[in-house]
Amino acid sequence: MSLYEHPQPAAEGGFWSDTGKSGIASWIFSTDHKRIGLLYFYSVLAFFLIGVLLGLLLRLELMAPGHTIMGAQTYNAIFTVHGVVMIFLFIIPGFPGAFGNLVMPIQIGARDVSFPRLNLFSWWLYIIGAAIILVSLFTGGGPPDTGWTFYVPFSARTGTNVSLAVFGVFIIGFSSILTGVNFVTTIHRLRAEGMTWGRLPLFVWSLYATAWVQILATPILGITLVLIMAERLLGTGLFDPALGGDPIMFQHLFWIYSHPAVYIMILPAMGVISDIIPVFSRKPIFGYKMIAFSSLAIAAAGSLVWGHHMFTSGMSDTAILVFSFLTFVVAIPSAIKVFNWVSTLYKGSISLEAPMLFALSFLLLFSIGGLSGLILGAAATDIHVHDTHFVVGHFHYVILGGSGFAFFAAMHYWLPKFYGRRYAEKPAIVAWALMFVGFNILYFTMQVLGMQGMPRRYYDYLPEFATLNLVSTIGSWIMVAGLVLLMVNLFRGLLWGPPFTGNPWGGATLEWSIPTPPPTENFEEEPLVTHGPYDFKGTGIP
Amino acid sequence: MSQSEHKDYAGDKLGMWLFLFTEVLLFGGMFLLYAVYLARYPQEFVVGGHQLDVVLGAVNTVVLLTSSLLAAMAVSAIQRNDRRLAILLLAGTVLCAVTFMVIKYLEWSAKIRHGIFPGSPQLAAGPPGESVFFSLYYLTTGIHGLHVLIGATLLTWVALKVKRNAVHSGDFVLLENSALYWHLVDLIWIFIFPLYYLML
């Protein structure tokens, strides 16, 4: 227990230097989960920034009606690449790959993951897949212009380099599967003595649920992508009505993966929030079991709702009714989480530091995104807003306002632990405020535009949408200004900031009981866990 | 890095089983398409199915079942530390895999000679359901064949490890997991064979 009160000083930079190896090879061939975590972190961050840049260009084009800075074909390519990069290269591998790798083994009291070499291999597959996607942008018929959903028949016919891009995504799917297999095995097999299922940090629970989705859903994406390639290269015609195929079958297969995939994006984010809120409320989490259970419930129910993407595709009315009902069922475990987080805050001693501000804005933004999701999940209202900017707004509220803000929260919460240095608080708060305000201006206007009938994926629009589009674009500048400040402040702090030692946040999970930065071996001896992850009193934290 | 002393037999098996789930689901996508299109084109599927060579399909089924038996026996052999026998049995498994692929090659090339392949003018001119049937047939058996090749490569590699004593009675999880993979390849064929050759 005294470990938490008197943590050891940083052991000469911990895992940064204690293996005695340095240079690039000691990183890109390392099997240490912390190094792999940082490799993932910087890879996904790089692609995130590329995605942001592309998103900014899209908003610039939409700033005014007509041709603003690019033509229709360029716009098609950019929104496709923005989607592919953000989804397959940033947010899906983001949480499990970066923070899952960095934190999860320590949180369960393990030395490493179950399959360290497989872990490294999965990062390499990610890099290879990403490289193939990048090559596809500049070779063949140019960057794909199908949207990230690769819908047939267009994706089977377009002259752009769809086949290669799809192959890159296929490789990345493989990487995601291997991470899932690794994490499920690790959480089953490598929990330290006393780390019962009821004492797992909720971030670990969320990664566990996520890993199952990665295992069970990603293979369907794999076969779907293979089928697109076969369609293009062999002319199999399985989705081509002229040859007896059915394009709707593509949509089914695609969404059987891609809807659960949004839970790969959001579940670990919910886990981050569940870890941060109790720490900064100085109060044990409210409803631990229900939050853990609801992660599994979301993973399970979320696998059965894919049809709500297809209400206007020509499914039977019965199918629409069933999928609509199931979609509303998913809202229940999501709401359970939100209510439990709010109850955790109730009468807590809340300290509004940067990680907490991001976590709190997650609550609001995710709730807006979740509720607008119900408008899309109800068949009647969906017909009105289907394929409009309302969908774009909804999705960004959930994935950027939810997962993205949770990612920033995790960056401020955990990265200092691994660097042993911290960022300046005030600029971090200013950055958060800019991003929060900019975000809402950017995406709330999109929801309004969608309600008014502005379709998505068009580079041009009717003049009556001009004002709100301008407002939205200005919001994107405010948000990016905040993002730049966040990045500069955070990385300046991590590299040159004041030391960060011990347990300044007052967390009760195991990562706060070991030296900062953690040594390669994590724990000097295998820890014996005697308290829950949010049992602050039991760990002697004031 | 000092991860080498960490051995977790149950964990290694668990990881393999999870991976096998993903393989089942991968083929599940194709079986799903089969189910949907069979319901839509029952007549054309029957016509297509009758054009497949039941004898060659049955021979291949026997070959794969035999190979699975040999792989299982190789695991028993290594447990009794009979490395020579294990290597022989693995060689037998790989031989079966090669036989399977040769027969598959004969089957495919006969079909292709008759102008039946995805995107062929003959299929495009015929009823749409038949084109769908043969596209599915080629994709499913093709991806299965790819798995046969991967499995055979894996087993060859493991046999070499047995030879170098890197896999032995004290640590044979690699062989066991590879055999599991091979059983999966076999299992998937056990579903493909009746669906395409027998029940139509």
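**Exercise 1. Locate Met199(B) in this predicted model, and determine whether Met199(B) is buried or exposed.**

Solution. Step 1: Met199(B) belongs to the segment that follows α7 (173-198) of chain B. Step 2: count the neighbours; 11 other C-beta atoms lie within 10 Å of Met199(B). Step 3: apply the cut-off, under which a residue with 12 or fewer such atoms is exposed. Met199(B) is therefore exposed. Step 4: consider a distant partner in sequence. Gly49(B) is 150 residues away from Met199(B) along the chain, yet their C-alpha atoms are 8.3 Å apart in space.

**Exercise 2. Describe the overall make-up of chain B: how many helices and strands does the chain have, and what box do its C-alpha atoms fill?**

Solution. Step 1: the secondary structure of chain B consists of seven helices and zero strands. Step 2: read from the N terminus, the order of elements is α-α-α-α-α-α-α. Step 3: along the principal axes, the C-alpha atoms of chain B fill a box of roughly 60 × 30 × 30 Å. Step 4: of the 200 residues in chain B, 40% are buried. Step 5: take the contacts in chain B with a separation of 6 or more; 78% of these are between residues 24 or more positions apart.

**Exercise 3. Characterise the packing of α3(B) against α4(B), and state how the two helices are oriented to each other.**

Solution. Step 1: identify the elements, which are helix α3 (residues 54-79) and helix α4 (residues 83-113) of chain B. Step 2: the two pack at an angle of about 165°, and their axes are 8 Å apart. Step 3: an angle over 145 degrees counts as roughly antiparallel. α3(B) and α4(B) are therefore roughly antiparallel. Step 4: the crossing of α3(B) past α4(B) is left-handed. Step 5: by class, this contact contains 19 nonpolar, six polar and three charged residues.

**Exercise 4. Examine two asparagines in loops of chain B: what sign does phi take in Asn81(B) and in Asn165(B), and is each residue buried or exposed?**

Solution. Step 1: Asn81(B) sits in the loop between α3 and α4 of chain B. Its phi is near 60°, a positive value in a residue other than glycine. Step 2: with 12 other C-beta atoms within 10 Å, Asn81(B) is exposed. Step 3: Asn165(B) occupies the loop between α6 and α7 of chain B. Although Asn165(B) is not a glycine, its phi is positive, at about 65°. Step 4: Asn165(B) has 8 other C-beta atoms within 10 Å and is therefore exposed.

**Exercise 5. Analyse the side of chain B that touches chain A: which helix of chain B gives the most residues?**

Solution. Step 1: 28 residues of chain B are in contact with 31 residues of chain A. Step 2: α1 (9-40) and α6 (128-163) of chain B each supply at least two residues of this side of chain B. Step 3: α1(B) gives the most, with 14 residues. Step 4: by class, the side of chain B that touches chain A has 18 nonpolar, nine polar and one charged residues.

**Exercise 6. Place α8(A) relative to α1(B) and to α9(A), giving the orientation in each case.**

Solution. Step 1: the axes of helix α8 (residues 202-233) of chain A and α1(B) come within 8 Å and cross at roughly 40°. α8(A) and α1(B) are therefore oblique to each other, and α8(A) passes α1(B) in a right-handed crossing. Step 2: the residues of α8(A) that meet α1(B) include Ile215(A), Leu216(A) and Pro219(A), and among those of α1(B) are Leu18(B), Phe21(B) and Leu25(B). By class, the contact of α8(A) with α1(B) has ten nonpolar, five polar and no charged residues. Step 3: within chain A, α8(A) packs with helix α9 (residues 247-281) at about 165°, with axes 8 Å apart. The two helices are therefore roughly antiparallel, and their crossing is left-handed. The contact of α8(A) with α9(A) has 22 nonpolar, eight polar and one charged residues.

**Exercise 7. Compare the expected and actual span of α12(A), and explain why this helix is described as largely enclosed.**

Solution. Step 1: at 1.5 Å a residue, the 24 residues of helix α12 (residues 354-377) of chain A should span 34 Å. Step 2: the end C-alpha atoms of α12(A) are 34 Å apart, which agrees. Step 3: 18 of the 24 residues of α12(A) are buried, so the helix is largely enclosed by the rest of the structure.

How values were computed: Residues numbered from 1 in each chain as written. Chains lettered and ligands numbered in written order. Predicted model: local features only at pLDDT ≥ 70, side-chain atom pairs only at ≥ 80, totals over all residues. Contact = placed C-beta atoms within 7 Å. Helix = DSSP H or I, 4+ residues; strand = E, 2+ residues; numbered from the N terminus. Nonpolar A, V, L, I, M, F, W, Y, C, P; charged D, E, K, R; others polar. Expected span 1.5 Å × (residues − 1). Buried ≥ 20, exposed ≤ 12 C-beta atoms within 10 Å, placed from the backbone. Axes fitted to C-alpha atoms, helices over the stretch in contact; angles between N-to-C directions. Parallel < 35°, antiparallel > 145°, perpendicular 65-115°, else oblique. Left-handed = near helix turned anticlockwise from the far one by under 90°.
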